[in-house]
Amino acid sequence: EIGLIESINEDWYRSWCLPTSDSAWGHGRRQWKIQDIEDEDVHPKAKTPFRDLLHPVAQIDQLHRQHTQLFERVEGCTSHHLEEVAQAYHLISSEKAMAVTAEASHCENESVVDLSHTQSNTTIATDYQWKLFESHDEQCNRMEQLVQKLSNDYPEETIVLVSHGGPVTHLFERLTGQHWKDHGASKYTCCSIYTHNGKGDSFESVL
């Protein structure tokens, strides 16, 4: 669901698209301003529209299965098995391994991925990429848009949404009108619960 993806901001790009990126949020902000970073040093995928990084559900299913096999293979391995681990990882990362084939297609009830979910409930019109980042308000807008749509589509049901720390934290601001500090920064395994108060589009935070 595209409305739930991580913030498409500079800190996210820095975490993976620079030569020294190590998955740390906002990597290198203290060392290099964005104008100091040469374009040729930026990962090519960061310079294409972000949606090019998103896989169709069938491919997500295949990737999930491949990574599950990898984790099963390396579980309990010690350092002298690192070469085997690296080889397995590069196999999964290759275009050949990522290609979805007829053999890789599985029945829907055998997959942890909802293979019927081929159309997102929301859209993101802007082709965000390196140096064209999603703003705080834009991120809040698409999160709120998704919540409002699902709330209207399933008014009597409990809806479970899974996202990332920043989007979850700032969704609180948009749904309640309160500052995000009243909620606190969402960390790993954070859970928030909202109820629709029956008045327009506003929600109440109960947890």
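**Exercise 1.** Decide whether I159 is buried, partly exposed or exposed.

Solution. Start with the cut-offs: buried means under 20% relative accessible area, exposed over 50%, and partly exposed in between (1.4 Å probe, protein chains only). I159 has 35% relative accessibility, so I159 counts as partly exposed. This is a predicted model, in which local features need pLDDT of at least 70, side-chain atom pairs count only at pLDDT 80 or more, and totals for chains, interfaces and linings use all residues. Residues are numbered from 1 along each chain as its sequence is written, and side-chain values use heavy atoms, with hydrogens and water left out.

**Exercise 2.** Place I159 in the chain and name its patch partners.

Solution. Step one: I159 sits in the loop between helix 5 (136–153) and helix 6 (165–176). Helices (H or I, at least four residues) and strands (E, at least two) are DSSP runs, numbered from the N terminus. Step two: together with Y154 and L161, I159 forms a nonpolar surface patch of about 240 Å² accessible area. Patch members have over 30% relative accessible area and no salt bridge (Lys or Arg side-chain nitrogen within 4 Å of an Asp or Glu carboxyl oxygen). Nonpolar side chains (Val, Leu, Ile, Met, Phe, Trp, Tyr) are joined within 5 Å, like charges within 9 Å. Areas come from the Shrake-Rupley method with a 1.4 Å probe.

**Exercise 3.** Classify D41 by accessibility and locate it.

Solution. D41 counts as partly exposed because its relative accessibility is 39%. D41 lies in the loop between helix 1 (10–14) and helix 2 (57–74).

**Exercise 4.** State how many helices and strands the chain has.

Solution. The chain has seven helices and two strands, in the order α-α-α-α-α-α-α-β-β.
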